[in-house]
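Work through the exercises below with the sequence and the coordinates at hand, and try each task before reading its solution.

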Amino acid sequence: TNGVGANITSISLTAGDWEVTGIVHLSGNAATTVSNAFASVSTTSATLSNTAQNATQIWGNSNTIFAAATYVSVPRITRRVSISSTTTVYLVAVVAFAVSTCAAFGSIRARRVR
């Protein structure tokens, strides 16, 4: 949905310190215009992390970014997550788009730091 947070995927992590990395890819119709897109690793479902270094953004400037490519990637985001109990960590995207459709897909992985 335009401008609304969406969970792309998630991972369940046990207590500890983790380095979590996610990447989001966007696809759409050649006529779709994208104003901006955000991706985040978050411990809250469908919600971007509110810390600047835990989110990443691309600017489409209302351009048809899918005209020359079948998909566009939001830059990879890595976040350290320290949790005291088993927690679901989400890869979240928010895209502001118009004219046609936009879909998102991606992957998330985690590595225990200690």
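Three exercises follow, each with a worked solution. The model is predicted, so that local features need pLDDT of at least 70 and side-chain atom pairs count only at pLDDT 80 or more, whereas totals for chains, interfaces and linings use all residues. Residues are numbered from 1 along each chain as its sequence is written, and side-chain values use heavy atoms, with hydrogens and water left out.

**Exercise 1.** Determine how many helices and strands the protein chain has.

Solution. Take helices (H or I, at least four residues) and strands (E, at least two) as DSSP runs, numbered from the N terminus. The count gives zero helices and seven strands.

**Exercise 2.** Establish the strand order of the open sheet and which strands stand at its edges.

Solution. Let two strands pair if DSSP finds at least two bridges between them. Four strands then line up as β1-β6-β3-β4, with antiparallel pairing. Because β1 (6–13) and β4 (55–63) each have a single partner strand, they stand at the edges, and one side of each lacks a neighbour in the sheet. Strand β3 (residues 33–42) is joined to β4 by six bridges, and A39 has T56 in β4 as its bridge partner.

**Exercise 3.** Decide whether N54 is buried or exposed, and list what it touches.

Solution. First, place N54 in the loop between β3 and β4. Next, apply the cut-offs: buried is under 20% relative accessible area, exposed over 50%, and partly exposed in between (1.4 Å probe, protein chains only). N54, at 10% relative accessibility, therefore counts as buried. Finally, with contact meaning heavy atoms within 4.5 Å, N54 touches A39, S40, V41, S49, I77 and R79, not counting residues up to four places away in sequence.
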